[in-house]
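Student: I am new to this structure and would like a close look at one part of it. Could you take me through that part slowly?

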Amino acid sequence: MHSLKKAPSPYKILISACLLGENVRYDAKINKIENKLLDNWLQHGILLSICPEVCGGLATPRPAAEIQNDGSIKTQAGQDVSEAFTAGALKTLQLALENNIKAAVLTEKSPSCGSSQIYNGSFDRTLISGQGVTTQLLRRHGIQVFNQFQLQQVQDYLDGL
Ligand code: SF4
C-alpha cells in the first residue's frame with residue numbers, strides 16, 4: 001500500500017522559470033537548481049513558474065540589462081527596456097494574485113527577480129543592495145519574496161500561515 005506524503009502547503013509558490021531549468025535566461029544558459037524541497041514541491045504540483053522578462057515580450061537570448069540610477073532599465077548598448085520589464089512585472093503580479101500566492105522564490109541578482117542584490121547599472125559586475133522590478137511590485141502587494149538559497153525559509157513561512 002502506498003502512503004501519500006502530506007502536501008507541503010495549501011498555497012502555491014511562484015518561482016522564477018529559470019530555476020526550474022526553463023530556457024528563459026538572457027544568456028540562454030540552463031540554470032536548474034537541485035534541492036529536495038524543490039523536488040517535493042514539484043511532486044505536489046504547487047509550483048507556478050514564470051519568467052517576467054519573457055512574459056514582458058523579450059526574447060531568449062537577449063542583451064543583459066541593468067537598473068540604472070534613475071530607475072530605468074537599459075542594456076549596455078543603451079537600449080531602454082523598461083517598458084518590457086514593467087509589463088512582465090505586471091503579468092507576474094496578475095498571475096500571483098489570481099493564484100492567491102503568498103510566497104515567491106525568485107532568482108537573486110536579476111534586474112527583474114533579484115530580492116536583496118542587483119547589479120549597479122554599470123555592467124562591471126558590481127553588486128549592490130537592491131531588488132528587481134518584479135520583486136518590488138510583488139512585495140508592494142504583500143507577497144513575500146525569497147531567493148533560491150532560502151527554500152527552507154519559504155517552507156517555514158508557509159507553514160506558519
Ligand atoms: S527574468 Fe527572472 S525568471 Fe526570467 S530569466 Fe531572469 S531571473 Fe530567470
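Is Glu53 buried or exposed, judged by its relative accessibility?

Tutor: Happy to help! Please keep in mind that this is a predicted model. Glu53 has a relative accessibility of 8%, so this residue counts as buried, the cut-off for that being under 20%.

Now look at what Glu53 pairs with. Its partner is Arg62, and the two form a salt bridge in which the closest N and O atoms are 2.9 Å apart. Arg62 counts as buried as well, because its relative accessibility is 11%. In general, side chains of opposite charge can pair when their charged atoms come close.

Glu53 also leads us to the ligand. The ligand has 14 residues around it, and Glu53 is among the closest, together with Cys18, Cys51, Thr107 and Cys113. Taken as a whole, this shell is made up of 7 nonpolar, 4 polar and 3 charged residues. As for where the ligand is placed, it sits in the largest pocket.

Let us stay with two of those cysteines for a moment. Cys51 has a relative accessible area of 11%, so it is buried. Cys113 is buried too, with a relative accessible area of 5%. You may wonder about bonds between cysteines here. A disulfide is a covalent bond between the sulfur atoms of two cysteines. In this model the count of disulfides is 0, the rule being that a pair of cysteine sulfur atoms must lie within 2.5 Å.

To put the pair of Glu53 and Arg62 in context, the model has 3 salt bridges in total. Another one joins the side chains of Arg25 and Asp27, at 2.8 Å from N to O. Here Arg25 is buried, with a relative accessible area of 19%, while Asp27 is partly exposed at 25%. Arg25 falls on the buried side because the cut-off is under 20%.

There is also a salt bridge between Lys32 and Glu34, whose closest N and O atoms are 3.9 Å apart. This pair still counts because the limit is within 4 Å. Lys32 is partly exposed, with a relative accessible area of 36%, and Glu34 is exposed, with a relative accessibility of 64%.

So, back to where we began: Glu53 is buried, it forms a salt bridge with Arg62, and it is one of the closest residues to the ligand.

Definitions and conventions. Residues are numbered from 1 along each chain as its sequence is written. This is a predicted model: local features need pLDDT of at least 70, side-chain atom pairs count only at pLDDT 80 or more; totals for chains, interfaces and linings use all residues. Side-chain values use heavy atoms; hydrogens and water are left out. Buried means under 20% relative accessible area, exposed over 50%, partly exposed in between (1.4 Å probe, protein chains only). A residue is near a molecule or strand if one of its heavy atoms lies within 4 Å of it. On a 1 Å grid over the protein atoms alone, a cavity is a set of points where a 1.4 Å probe fits but cannot get out, and a pocket is an open set with protein on both sides within 12 Å along at least five of seven lines; lining residues have an atom within 4 Å of a point. A molecule sits in a cavity or pocket if more than half of its atoms lie within 2 Å of its grid points. Ala, Val, Leu, Ile, Met, Phe, Trp, Tyr, Cys and Pro count as nonpolar, Asp, Glu, Lys and Arg as charged, and the others, Gly among them, as polar.
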